[in-house]
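Colleague: Before I use any of the labels on this model, I would like to know what each one rests on. Please put it on the screen.

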Amino acid sequence: MATTISSLAATHSLHRLCCRSSPASPSTPARVSFRAAPPAVAAARARRRAAVQVRASSAVLEAPEELATRKLYVGNIPRTVTNDELAAMFAEHGTVVRAEVMFDKYSGRSRRFGFVTMSTPEEANAAIESLNDTEVGGRKIKVNVTESFLPNIDASAPEPEPAFVDSQYKVYVGNLAKTVTTEVLKNFFSEKGEVLSATVSRVPGTPKSKGFGFVTFSSDEEVEAAVSTFNNAELEGQTIRVNKA
């Protein structure tokens, strides 16, 4: 019995010795101690961070206001006016930073307005005084700062379709190219009579063409002329089908 107790005591002593002398397990995370920076250094760092935040906030708040005094809305321009031509119109009154005509993203046609950014507010004001209400291509254009004239315009939205005027003298037009708009369709059929109205059918809730439309006229003779002339004719690269509706 004494031998057993002595053996247990020796084993316990050996266990404590091993535990004290064995290295830490690899899975045990090492403890890293950090020394606090002196108060003067910490205060200097805080001041630098605050200064950076103030400069960033000022840039965010002031940039749009400054840009609004230089960016001009140009409305009622001819559809044929390009970005370069728009820039040339304003170049006489200062440095043009950017000139952009807005186009319908579905039809590719000009939306008859654009934006011009001048290099200074003074140049922008000079352009307004010289060009607002002047004629370009037979149209009286409108020039004003975007902030006061058109602050929330959606430049990507498609143009609204004109109201369709129905009539008993109507033709169905099928196999239309996706690029054909209501205006293109109306102008195409105007050669053979007085077109009352035209429409391109679109997928509900979207600007996507269904590939067909309708055109209305003032008389049955005009309908007959349209069918005989335009059935199997080519419109924007596709052979269209025209029948009485």
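Colleague: What is the pLDDT over residues 1-26, and how many contacts beyond four places in sequence does the model have for them?

Modeller: Over residues 1-26, pLDDT (the predictor's confidence in each residue, from 0 to 100) stays under 50. With a contact taken as heavy atoms within 4.5 Å, the model has 0 contacts beyond four places in sequence for this stretch. For residues 50-62, too, pLDDT stays under 50 and the count of such contacts is 0. This is a predicted model, in which local features need pLDDT of at least 70 and side-chain atom pairs count only at pLDDT 80 or more, while totals for chains, interfaces and linings use all residues. Residues are numbered from 1 along each chain as its sequence is written, and side-chain values use heavy atoms, with hydrogens and water left out.

Colleague: Which elements have the lowest and the highest mean pLDDT?

Modeller: Helix 1 (residues 2-21) has the lowest, at 45, and helix 3 the highest, at 94. The elements are DSSP runs numbered from the N terminus, helices being H or I over at least four residues and strands E over at least two. The protein chain has 7 helices and 12 strands. Its mean pLDDT is 75, with 66% of its residues at 70 or more.

Colleague: Why is Ser 197 called buried?

Modeller: Ser 197 has a relative accessible area of 6%. Buried means under 20%, exposed over 50% and partly exposed in between (1.4 Å probe, protein chains only), so Ser 197 is buried. Ser 197 sits in strand 8. A polar atom of its side chain lies 3.0 Å from the backbone nitrogen of Val 165. Neighbours within four places in sequence aside, Ser 197 contacts Ala 163, Phe 164, Val 165, Phe 214, Val 215 and Thr 216.

Colleague: Why does Val 200 count as buried?

Modeller: Its relative accessibility is 4%, so Val 200 meets the cut-off for buried. Val 200 also lies in strand 8. Beyond four places in sequence, its contacts include Leu 176, Val 180, Leu 185 and Phe 212. Buried residues make up 28% of the 245 residues in the protein chain.

Colleague: What makes the largest nonpolar core, and which residues have the most contacts inside it?

Modeller: A nonpolar core is a set of buried Ala, Val, Leu, Ile, Met, Phe, Trp, Tyr and Cys residues joined through side-chain atoms within 4.5 Å. The largest one has 20 residues, and Val 173, Leu 185, Phe 189 and Val 215 have the most contacts inside it. Strand 7 (170-174), helix 6 (182-189), strand 8 (195-202), strand 9 (209-217) and helix 7 (220-230) each supply at least two of its residues. A second, separate core has 19 residues, among them Val 81, Phe 90, Ala 124 and Leu 131.

Colleague: How do you know that strand 1 and strand 6 pair, and in which sense?

Modeller: Two strands pair if DSSP finds at least two bridges between them. Strand 1 (residues 71-75) and strand 6 have 4 bridges, in the antiparallel sense, so the pairing meets the definition. One bridge joins Tyr 73 to Asn 144 in strand 6, and Val 74 has Val 143 as its partner there.

Colleague: What is the strand order of the open sheet of 4 strands?

Modeller: The order is 2-3-1-6, with antiparallel pairing. Strand 2 (96-103) and strand 6 (142-145) are the edge strands, each pairing on one side only. The twist averages 20° from one strand to the next. Helix 3 (residues 83-91) packs on the sheet, touching strand 1, strand 2, strand 3 (110-118) and strand 6, and its direction makes about 135° with that of strand 2. Axes are lines fitted to C-alpha atoms, for helices over the stretch in contact, and angles run from 0 to 180 degrees between N-to-C directions. Helix 4 (residues 121-131) lies across strand 1, strand 3 and strand 6, at about 155° to strand 6.

Colleague: Which side chains along strand 6 are buried, and which are not?

Modeller: Val 143 and Val 145 point to one face and are buried, whereas Lys 142 and Asn 144 point to the other and are not.

Colleague: Why is Asn 232 called partly exposed?

Modeller: Its relative accessible area of 48% falls between the two cut-offs, so Asn 232 is partly exposed. Asn 232 is in the loop between helix 7 and strand 10 (234-235). Asn 232 has a positive phi of about 70° although it is not a glycine. Most residues other than glycine have a negative phi.

Methods
A polar contact is a pair of N or O atoms within 3.5 Å; within protein, one must be able to donate a hydrogen and the other to accept it, and residues adjacent in sequence count only if both atoms are side-chain atoms.
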